[in-house]
Amino acid sequence: MHELELVIFDMAGTTVQDGGQVPQAFTSALAAHGLEVTPEQLRQVRGASKRQAVLHFIPDGPERVAMAERVYSTFREHLAEAYQKSGVSAIAGTEQTFAWLRARGIRIALNTGFDREITALLLEALGWGQDTADAVICGDDVPQGRPAPYLIFRALETTGTYSLRRVANVGDTALDLQAGHHAGVRWNIGVLSGAHDHATLSAAPHTHLLTSVAELPQLWQTE
């Protein structure tokens, strides 16, 4: 416990309730531009940068990048509408876990495949101010999203954390865990509160699998 300096949390599905708004907005945005995607195809890109995920489904051609931007703009509009309509809430135990870490001087970072605009909308809806996290790293802050480790590296840079052996990465998707593995974090923790089930997360590189972030204090209390 005394060696832990920074915990990096994913947002949707890890610290923020995932009520299906993201895949629904994704599917409807693609459909609005004449593209169909299956639930299984969507599950495979959960945790990725949303711009990269959109591009994954755009056919090759001279207009591919421009079309991807149009689809992404539609996705962002649909997601904002969905969040405004249904509301946003933290996963049970998240804020208590944040407080437990804060009380021990451990830094907190949030990272996400969302861009800065959607992330700001989420944070405002949750009532999470500047004192909630020491860093908020978004998909448009790095050259490549998960499974690349750059979101994690940027979190270390922003919080002034030097050693990956003092860092925990927490996420609900296989891509979250792949990013943590590529970064070389000491604790690479999957949670079963979001997009991927136990079988999927078990197949990804990890050090621990928990029901939710509410169990994190128990993990370090037993080490």
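Val7 of strand S1 has Ile108 as its bridge partner in strand S2. The model in which this pairing is found is a predicted one. S1 and S2 run parallel and are joined by five bridges. S1 also pairs with strand S4 (residues 167–171), again in parallel, through four bridges. In that second pairing Phe9 stands opposite Val170 of S4. S1 therefore has a strand partner in S2 and another in S4, given that two strands count as paired when at least two bridges are found between them.

How much of S1 is covered? Five of its five residues are buried. In a regular strand, side chains alternate between the two faces of the sheet. For S1 the two sets are Leu6, Ile8 and Asp10 on one side, and Val7 and Phe9 on the other, and all of these are buried.

Asp10 belongs to strand S1. Its relative accessible area is 5%, so Asp10 falls under the 20% limit for a buried residue. Which residues does Asp10 touch, leaving aside its neighbours within four places in sequence? The contacts are Thr15, Asn111, Thr112, Arg146, Val170, Gly171, Asp172 and Asp176. One of them, Val170, is the residue of S4 that stands opposite Phe9.

Strand S1 (6–10) is also one of the elements against which the buried residues of helix H5 pack, together with strand S2 (107–111) and helix H10 (216–221). The buried residues of H5 are Thr94, Thr97, Phe98, Trp100 and Leu101. Why do they lie on the same side of the helix? They cover an arc of only 160 degrees around the axis, and this places them on the same side of H5. Gln96 and Ala103, on the other side of H5, are exposed. After H5 comes Gly105, with a positive phi near 75 degrees.

Phe98, one of the buried residues of H5, also takes part in an aromatic pair. A pair of aromatic rings is described by the distance of the centres and the angle of the planes. For Phe98 and Trp128 the centres are 5.4 Å apart and the planes stand at 65 degrees, an edge-to-face arrangement. The pair links distant parts of the chain, with Phe98 in helix H5 (residues 94–103) and Trp128 in the loop between helix H6 (116–126) and strand S3 (135–137), 30 residues apart. Phe98 has a relative accessible area of 6% and is buried. Trp128 counts as buried as well, at 8% relative accessibility.

The count of aromatic pairs in the model comes to six. Among them is the pair of Phe26 and Phe75, which is edge-to-face because the ring centres are 5.4 Å apart and the planes meet at 65 degrees. Phe26 lies in helix H1 (residues 21–32) and Phe75 in helix H4 (residues 64–86), so this pair ties together parts that are 49 residues apart in sequence. Are these two rings buried or exposed? Phe26 is buried, at 4% relative accessibility, and Phe75 is buried at 1%. Both residues belong to an aromatic cluster that also includes Phe57 and Tyr72.

Conventions. Residues are numbered from 1 along each chain as its sequence is written. This is a predicted model: local features need pLDDT of at least 70, side-chain atom pairs count only at pLDDT 80 or more; totals for chains, interfaces and linings use all residues. Side-chain values use heavy atoms; hydrogens and water are left out. Rings of Phe, Tyr and Trp (its six-membered ring) pair if their centres lie within 6.5 Å; planes under 30 degrees apart count as stacked, over 60 as edge-to-face and the rest as tilted. Buried means under 20% relative accessible area, exposed over 50%, partly exposed in between (1.4 Å probe, protein chains only). The arc is that of the directions from the helix axis to the C-beta atoms. Contact means heavy atoms within 4.5 Å.
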